[in-house]
Structure formats: C-alpha cells, structure tokens
Amino acid sequence: MSRLKIVHYFIITCFIIIILNLFYLQFIKSGQFRRLDLANRIRLIPQPGSRGAILDRNGLVLVDNRPSFNLYLLREEEKPKKELFAKLSSVLGIKEEMLQKNYQKKYSFGFLPVLLAQDIGRSHAVVIEELKSKFPQLFIQIAPRRMYREGAFACHLLGYVSKIDSWRLEQFKGYGYKPKDEVGFGGVEEFYDYLLHPEDGGMQVEVDHRGRISRVLGVKEGKRGADIFLTIDLRIQRIAENALNGKTGAVVILDPRNGEILGLCSFPEFNPSLFVQSSPVIRTLLNDPDAPLFNRAVSGTFPAGSIFKMIVAAAGLETKTIDAKTAFFCRGAYRIGNRQFQCWKEHGRVDLIKGLAASCNVFFYNLGLLLGPAKINQFALKFGLGRPCTVDLPAEAQGKLPYSFTPFEVPARFRGGAVALGDLLRTGFTRRLRRKTSWFDGDTANFAIGQGEVLVTPLQAARMAAVFANGGRLIQPHLLRAIKKESSILKVKFKNPKVLPLRQSTLNIINQGLHQAVCRSEGTAHILSSLKVDVAGKTGTAQVTGGSSHSWFVGYFPKDNPRFVICVLLEHGGSGYNACLVTKEIIQKMLEEGII
Amino acid sequence: MRGKGEYYNRIVILAVLLAVLGIFSIYTGTIFRQSAWMKSIYLRQTLWVVMGLISLFVVSRISYRYLYDLTYFLYVLGIILLIIVDLSGKVCFGARRWLHMFWFNFQPAEMMKLIMIITVSHYFSASHSGLRSSVSYWTKTKAVVTPLLLVSLPVLLIFKQPDLGTAALIFLIFLFILFISRVEIKFIAFLSFLIFLLLPVLWFSLLDYQKARLLVFLNPNLDPLGRGYTIIQSKIAVASGGFWGRGWFSATQSQLQFLPESHTDFIFAHFAQMWGFFGSLVLLLSFYLLIRYGLMVARDSSDYFGYLLAGGITIYVALQVLINLAMIMGLVPIVGLPLPFLSYGGTSILVTFISLGILINIARSNR
C-alpha cells in the first residue's frame with residue numbers, strides 16, 4: 001500500500017469520526033442542547049395585570065391602582081457585578097447587602113428576571129433608565145399597585161392586598177392563582193377576589209449575550225380584573241367613620257328596603273397600604289390588644305342587651321301572650337326565687353310601648369317568663385340572630401343564642417330523630433335549654449333582656465331592626481351592587497327579603513314603642529328627638545363581666561317610610577346614651593349633607 | 001485513465017461552492033451586529049474570494065516548476081516577513097500576527113504554511129538519492145535533519161508570535177510530507193519520539209492562555225463562563241441545529257453573539273446551527289471530495305516535486321479542515337485555525353486559493 005493511500009485512509013477515518021460526533025451532537029444530544037440554547041436567550045418578563053377598582057354606589061373610587069416602578073435584573077451569563085449593586089445602592093438609598101440578599105432571595109429561574117427593588121419611585125426610575133447604557137441588564141417595569149387613597153378609610157370593609165399565603169394558594173390553585181400573586185385579604189378584596197383578580201400577562205423576549213433585549217417574541221396583555229360597585233355611599237361611610245373615630249366599636253348603616261349596606265365601619269382601624277408594602281408595622285398591628293384588624297361590624301359578637309327586647313316584644317304580641325294594653329308594675333327590681341333582678345329605674349306601671357321606650361327590664365322579665373325561653377329563642381332565630389347574615393364579607397360571625405337549632409328549620413323527614421342529632425352536634429349551644437335540667441327562670445329573665453347567652457354582631461342587630469323598618473321582611477344585607485367587566489355593567493341581584501309571618505298590628509305597636517323611645521322625654525334615646533328627622537330606635541346597655549358595658553343603638557329613620565337603618569355599637573362604651581350621641585352626630589351630618 | 005483535466009473543473013467548482021457557503025454564513029452571522037464594520041464584513045470576504053479566484057487562475061497558468069527554482073527566495077522572504085512581524089507587527093488578541101501592508105492586514109504565518117510545503121517538497125525531491133536504502137546511515141539522517149532545521153526556524157518564529165496552532169500545523173504538515181516521501185518509518189518514529197520527549201519543555205514555554213486552553217479542553221466545565229465558554233457555546237450551536245438546522249436567520253447562538261468568532265474560526269458551529277446535520281454532511285462531503293481530488297492529483301503527478309507538493313497542499317487543507325471541525329466539537333483543544341474557504345480572513349483565503357492554483361497546475365501538467 002502506498003503511503004499516500006495510508007494518508008487517504010487516515011483522512012477518511014478522521015472524517016468518519018467527525019461525522020459520528022456530529023451525529024451524536026445533532027441527533028442524540030440535540031434536545032438537551034436546544035434547551036440550553038433557549039435558556040441562553042429566552043427570558044420571560046411577567047407583566048402583572050391591574051386589579052379591578054372598587055367604587056362606591058355613585059361610582060366614586062374607593063380603591064384603585066397607581067403605577068409603580070419595579071426594578072428588575074435580567075439574568076446574565078455572569079453573576080451581577082459588585083459594581084452594579086454599589087451603583088444601585090447609591091441611587092436608591094438601599095443598602096448594598098440588602099440588594100444582594102434580594103437578588104439571591106428572588107432568583108428563581110434563569111429565564112425569569114429578578115425583582116431587585118419594588119416601587120422605587122418615579123425619580124429613581126428615571127435615574128436607572130439612564131444607567132441602562134452601562135448596565136443593559138437592568139430594566140424598569142411599570143406595574144399597577146393598589147392604592148388606598150385615604151389611608152385607613154373603609155379599611156375593614158375593603159380589606160387589603162398582599163402576597164398570597166400558602167393556605168390560600170393551596171385552596172385556589174385550581175383557579176389559576178400562582179405563588180407570589182397578590183390577593184385580597186379581609187373585606188371585599190378577599191370576598192370578591194375572584195372578580196377583582198387580574199389575569200397576568202407577560203412578555204417573552206430574546207436577549208443577547210449581554211442580557212440586552214434584542215427582540216420581543218410575544219406579548220400577552222394582562223387582563224384587568226373587573227371593577228365592582230359597592231352599595232356603600234362614600235359620604236355616609238365617611239360620616240360614620242368620622243363619628244366613630246377614636247372610639248372602639250362599629251357602625252352599620254343599611255337600607256332596610258333592599259339590604260344594601262350604605263356604610264360599615266369598625267374602629268380601631270389600620271392602614272391597608274402597610275400590607276401592600278409588607279411594612280414591618282404589621283406585626284405590631286397583629287399584636288395590638290385592641291385588634292385593629294378585626295372587623296367588629298361583622299366578626300365581633302357582643303351581648304345584645306336591651307336591643308333584644310324588640311324581639312321579645314314581637315314574640316309576646318305574635319303569640320298573643322300579651323297585647324298592647326297588657327301592663328306590669330315596675331318597682332325597680334323583680335324577684336325570681338331568692339334573687340333580685342334589677343331594673344335600671346323604677347318605672348311604675350309599664351305597658352309594652354312604654355316598656356320599649358323606657359327600656360324597662362321588669363316588663364320584659366315578666367313577659368319572658370310568660371313566653372318561656374324556647375319561644376324567645378324561636379323568634380330570635382326568625383329575626384336572623386344566631387346564624388350568619390351571609391353578607392358578602394369574609395369571616396362573618398354567626399353570633400349565639402341559647403339554642404340555635406329549632407325543629408321548624410329541620411326538613412320534615414328529619415324531625416324527631418334529627419333533633420337529638422342536632423343536640424349532639426351543637427352541644428355548645430344546647431348546653432342547658434334543651435336539657436332543661438339546669439335552665440332556671442332566672443336564665444329566662446336574663447335571656448328576655450338580651451343578657452347572658454345572646455351574642456349578636458352589629459350587622460345582625462341592624463338586620464333585626466330593619467324588619468321593623470320595612471314591614472316585616474328579613475333582608476339580605478350585601479355590599480355588591482354591580483360588576484363592571486370590559487365596559488359592560490352587570491347589576492347584581494341578591495335574594496329577595498324573606499317575609500316574616502308577623503302581623504301588621506305587632507309591627508305597628510313595636511314601631512310605636514321604638515319611636516316613643518326617641519320622642520318621649522323618659523325615652524332612652526330622647527336625645528335624638530332634637531334632630532330634624534323622625535328617628536325610631538332602641539338603645540342597649542349590655543353588661544359584661546369585667547369592664548364597662550357595651551353601648552348599643554339600633555334604629556331607623558325617617559320614621560315614616562324608613563330608608564336607613566343604623567346600628568351603633570361602642571365596645572365598653574358605657575350606657576346606651578353614648579351610642580345615641582354617635583348616632584346623633586351621624587344623622588346630623590347626613591342631614592347637613594342632604595343625604596336623607 | 002480518465003481525463004485529468006476534469007479535476008480542474010471539479011476543484012474550482014468545489015472551492016467556489018465552499019467559499020459561497022462561507023460568505024452566506026458570514027453574512028447571516030454578522031448582519032445583526034451593531035457596528036457597520038461587522039455588518040459589511042461579508043462584502044470584504046466576497047472581495048477576497050474574488051481576488052482568490054483571480055490568483056487561482058493566474059497561478060494555475062504558471063508552471064509549478066518555477067516554484068522549484070524560487071523555493072529559497074520564497075523561504076528567505078517568508079522568514080524576513082516573520083521577523084518583521086515580530087518587530088513591528090500589529091498586536092491583535094494579544095498576539096503579534098498581522099503585518100499592515102498598504103490597505104490590508106497581512107498574516108505572514110498563513111503564507112508560511114505554503115512556503116514550507118514548497119521548501120520541504122523541494123528538499124526531498126532534490127535529495128532524492130539521499131533517501132535510497134543503499135546510502136549510508138549518516139546520509140539518511142542528514143536527509144531528515146536538514147529539512148527539520150529548515151522547518152524549525154519559521155515554526156519557532158511563529159510559535160513566538162505566539163500562534164501555537166499555525167506552528168503546530170506547519171510541523172504536522174512536515175511530518176505528513178515526511179511520511180508520504182520515502183523516508184523510512186523509523187526516522188519518522190524517532191522524530192515523533194523526540195517531540196514526545198520535548199513535550200514537557202514545550203509545556204513550560206507555553207503562555208498562560210495557551211495552557212488554559214489545553215486544560216479547558218480536558219474539561220470545558222472547569223470554567224464555563226470564562227475559558228470554557230467558547231467551546232460550550234459552540235457545542236450548543238452545533239447540537240441545537242438538529243437534523244435540518246434552524247434556517248438562515250435562526251442561528252441564534254451566533255446572531256445573538258453567544259458564540260464568539262462565529263465568522264472566523266467558529267464559522268462551522270454557526271453553519272451547523274443553520275443547516276443542521278444535513279447541511280454539515282454536504283459541507284463535509286465537499287471537503288472530502290476536494291481532498292480526494294488533491295490526493296489523486298498527487299498520485300498521478302509526473303514528477304516527485306509535484307507529488308510532494310500536491311500531497312503537501314492536500315494534507316494542508318485536510319488537516320486544517322479536520323482540526324478546525326474537531327476543535328469546534330470539542331475533540332481537540334482550541335487552536336486558532338480557520339476553516340479553509342469559509343472562515344473570514346484575507347490571507348487565509350488568498351493562500352488557500354493560490355495553493356489550489358498550484359494543485360490545478362500540477363493536475364494540468366499530468367496530462
């Protein structure tokens with residue numbers, strides 16, 4: 001064989017080796033390397049959609065978004081240089097170590113940009129735009145950010161937005177919620193999160209070896225969440241909050257005709273923006289003994305006190321146990337067994353109207369004993385106590401009655417046996433009443449004046465009062481009025497009020513009593529008589545073991561054809577008079593602003 | 001025997017085909033760059049190819065036998081140019097390889113490859129008798145050592161530039177010419193053994209970056225973003241081409257500048273991403289055919305000088321192609337060797353085409 005041939009074969013062998021290697025790379029390893037190629041150059045830049053706005057019934061903005069500037073770093077081949085962090089630190093005024101830490105913490109995937117700093121402010125954003133020529137991997141994204149214009153205004157009603165927690169993420173995974181999403185917590189933000197929640201968009205870009213964006217491959221526009229109109233009237237809400245300011249308690253104002261909540265506030269309050277910024281102040285909020293995050297209007301349960309007398313009165317009249325003329329004599333106390341049950345005043349001869357007006361305990365001790373606890377309990381349930389109002393707010397409390405389960409609410413086929421089952425299930429509620437063994441007349445007397453085991457939320461109290469204001473219908477309180485999605489407005493219809501089987505005469509007598517409480521000089525709410533609008537209502541002073549009493553007022557106005565029901569609760573606020581003062585201030589302001 | 005003139009056409013067609021592929025590859029690889037100079041690089045390459053073709057036609061008309069007479073003149077000229085480069089050359093990428101001449105930068109080392117082939121061919125065809133088995137052992141040794149010294153001088157000069165790749169290539173070509181000449185195998189074996197012994201010395205004379213290249217070759221992931229970067233990116237480019245490739249303007253690795261030197265030494269990686277396995281196979285086949293015709297020209301040459309010259313030129317092309325491809329696929333360390341016909345570079349293109357011109361001339365003389 002000639003040497004030239006050997007060289008020839010050598011070259012052929014080399015070619016074969018190269019072809020085999022090429023085959024190995026381009027066939028067998030192709031997929032793997034293609035992924036590397038993609039990782040090299042494709043970046044995803046999320047573009048959050050904007051959350052729907054929350055508006056009041058007149059279309060005034062309660063919550064909206066504002067543009068915020070977020071600083072992102074596109075991943076490079078190399079780790080970002082120290083020089084970059086030093087520069088950013090001097091521009092933003094954030095410590096260099098913080099930025100480094102942020103970078104390490106937020107880094108998730110190579111193809112996702114890293115969020116270095118949030119909401120850096122327009123002036124900083126401009127400076128960083130100029131830095132881009134030197135550090136092309138920086139970029140500023142404009143993202144909508146929740147803005148609570150008036151700080152704590154309507155905070156309990158609205159709630160706040162924050163990063164999704166693990167529990168919610170687990171619950172809502174099927175609905176397209178992702179980690180790091182912003183979701184509503186508390187209030188309407190949480191309850192209607194599925195409406196408000198935006199659909200996030202994103203941008204797929206191709207970058208070159210220095211991390212510069214060389215072209216945009218695709219853009220998915222973020223979809224704005226639906227705007228929602230609440231039944232809240234901004235003016236009423238503001239009046240109520242101003243009146244309540246500084247006191248611990250809650251105010252609920254609603255329309256008795258349809259259950260629309262016009263104003264709902266709780267105090268102490270908090271600033272929802274703190275949660276948007278994840279401020280360290282949150283911890284102190286959570287540990288505050290006054291529980292500023294707690295919405296007292298729907299989640300707080302308080303002993304009903306004298307406002308419960310409306311129900312006892314209705315029960316007495318409906319069951320024909322008494323009529324308008326029935327009278328008892330009040331000597332300032334009532335003796336049951338060997339215990340004295342006090343009235344707050346010696347009222348003398350008291351009929352139902354006077355009993356309500358002057359809030360005579362003795363009258364209701366007598367009436368309560370005539371009715372028996374089961375009857376009172378049954379009527380309390382009819383008026384919506386002891387169960388949630390199903391209002392559209394999260395974490396609503398159901399309140400408490402001695403016995404929350406009545407046979408007439410059980411489907412026919414469960415009657416009998418199911419009651420015993422219900423007993424078992426509700427041992428907490430049925431503790432004494434059903435077993436009768438440890439339920440005494442004294443308990444009935446206490447029950448009849450709303451003490452003891454009657455716990456209600458301010459919203460339940462307002463709903464209860466609304467029954468008398470609207471002619472015997474149990475309304476469905478709600479906050480949502482309309483949904484605006486892509487420029488079409490959808491009006492929301494809630495279930496119709498439930499007509500309670502109450503006689504008109506019963507309502508008339510009780511309404512008279514409630515009106516007398518205001519207009520009679522001896523009435524507990526007489527202070528409200530000076531207002532230019534006729535108010536009817538009932539005060540309550542709910543005794544609590546330890547601390548001063550809770551102060552209640554529930555009522556409605558104008559007396560004829562009522563359009564507003566108001567419930568004021570002052571936690572440990574003393575006598576019902578104090579609640580009347582707040583009520584007066586609210587109604588006064590509403591008159592001044594011409595709302596009524 | 002078939003008409004040997006056919007080689008003429010085939011070799012020219014293959015060369016033009018390869019050069020055109022190269023121009024297209026350079027075009028797609030650089031058109032997305034920022035600077036105007038980079039954007040227009042394909043135009044310069046076209047100009048060089050045209051000049052190369054003209055040189056090819058001119059050289060193929062001049063009898064290669066003149067080269068035999070010109071050998072020592074060329075040799076001395078080459079050495080002088082190398083020395084001038086050493087003294088006043090243009091520094092680029094940390095190496096002094098370019099000589100600024102009139103309006104272009106000239107790379108004498110590139111030309112030296114061809115000159116060395118001519119020189120060694122001249123030597124062996126002249127001392128033909130010295131290789132015969134009847135002569136004394138001393139004569140035989142002298143017949144190997146003299147060309148070794150002749151080669152060593154430019155190799156050392158080039159090595160000093162530093163240009164390890166070209167120096168090694170020239171030496172390798174010398175060994176191959178030695179092999180196809182009638183030098184006894186034991187001399188070649190002895191020489192190889194000598195080089196083997198010299199390797200440690202060579203290692204210490206290497207510059208840091210050259211050592212690093214060798215180390216990275218052994219394990220590219222040693223320094224994936226630094227010295228291993230190029231080889232990893234070139235592998236990604238080749239592999240992501242798949243079977244059919246990504247098309248003209250989808251060779252993202254080079255177009256987004258992840259792959260450095262995609263228009264010069266790493267042009268094949270860029271080509272492979274565009275055209276995939278299929279295209280690469282076509283390219284390799286073209287190269288192989290060219291080499292095959294070259295070897296046939298050598299085989300059929302009428303004199304010993306022609307045989308060695310044609311063989312040397314073919315081996316020169318073949319080695320460059322093979323080393324360049326192996327380098328891109330990470331089979332050998334990265335050495336700065338261009339891919340003949342395709343890589344951008346004036347001197348390289350000119351020298352390659354002139355070499356082909358000589359080859360064609362030899363083929364013609366065979367008739």
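Which residue of β12(A) does Leu254(A) stand opposite? In this predicted model, Leu254(A) faces Ile261(A) across the pairing with β12(A). The two residues introduce a sheet of chain A, from which the description can proceed to a second sheet, to the contact with chain B, and to chain B itself.

The pairing in question joins strand β11 (residues 249-254) of chain A to β12(A), in the antiparallel sense and over six bridges. Both strands belong to an open sheet of five strands in chain A, with antiparallel pairing and the order β12-β11-β25-β24-β23. Because β12 (261-267) and β23 (536-542) of chain A each have a single partner strand, they form the edges of this sheet, and one side of each is left without a neighbour there. Neighbouring strands of the five-stranded sheet are turned by 5° against each other on average, with direction ignored. Helix α10 (residues 234-244) of chain A packs on this sheet and touches β11 and β12 of chain A. The direction of α10 makes about 25° with that of β12(A).

A further sheet of chain A is built from three strands. This sheet is also described as open, with antiparallel pairing and the order β1-β8-β9. Here β1 and β9 of chain A stand at the edges; each has a single partner strand, so one side of each lacks a neighbour in the sheet. From one strand to the next, the twist averages 25°.

The two pairings within the three-stranded sheet can be followed residue by residue. Strand β1 (residues 42-47) of chain A pairs with strand β8 (residues 201-207) of chain A in the antiparallel sense over six bridges. Within that pairing, Pro46(A) is opposite Gly202(A) in β8(A). In turn, β8(A) pairs with strand β9 (residues 213-220) of chain A, again antiparallel and over six bridges. Two positions illustrate this second pairing: Gln204(A) stands opposite Gly218(A) in β9(A), and Val205(A) stands opposite Val216(A) in β9(A). In a regular strand the side chains alternate between the two faces of the sheet.

The contact between the chains comes next. How many residues does each chain bring to it? Chain A contributes 29 residues and chain B contributes 35 residues. On the side of chain A that touches chain B, the elements giving two or more residues are α1 (3-28) and α2 (30-41) of chain A. The most comes from α1(A), with 15 residues. By residue class, this side of chain A divides into 13 nonpolar, seven polar and nine charged residues.

Chain B contains 14 helices and three strands. Of its 367 residues, 50% are buried. Among contacts in chain B between residues at least 6 apart in sequence, 71% join residues at least 24 apart.

One helix of chain B serves as an example. Is α5(B) mostly covered or mostly uncovered? Of the 19 residues in α5(B), 17 are buried, and the helix is thus mostly covered. The length of helix α5 (residues 108-126) of chain B can also be checked: because a helix is taken to advance 1.5 Å a residue, its 19 residues should span 27 Å, and the 26 Å between its end C-alpha atoms agrees with this value.

How values were computed. Residues are numbered from 1 along each chain as its sequence is written. Chains are lettered from A and ligands numbered from 1 in the order in which they are written. This is a predicted model: local features need pLDDT of at least 70, side-chain atom pairs count only at pLDDT 80 or more; totals for chains, interfaces and linings use all residues. Two strands pair if DSSP finds at least two bridges between them. Helices (H or I, at least four residues) and strands (E, at least two) are DSSP runs, numbered from the N terminus. Two residues are in contact if their C-beta atoms, placed from the backbone, lie within 7 Å. Ala, Val, Leu, Ile, Met, Phe, Trp, Tyr, Cys and Pro count as nonpolar, Asp, Glu, Lys and Arg as charged, and the others, Gly among them, as polar. Axes are lines fitted to C-alpha atoms, for helices over the stretch in contact, and angles run from 0 to 180 degrees between N-to-C directions. A residue is buried if 20 or more other C-beta atoms lie within 10 Å of its own, exposed if 12 or fewer, and partly exposed in between; C-beta atoms are placed from the backbone. The expected span of a helix is 1.5 Å times one less than its number of residues.
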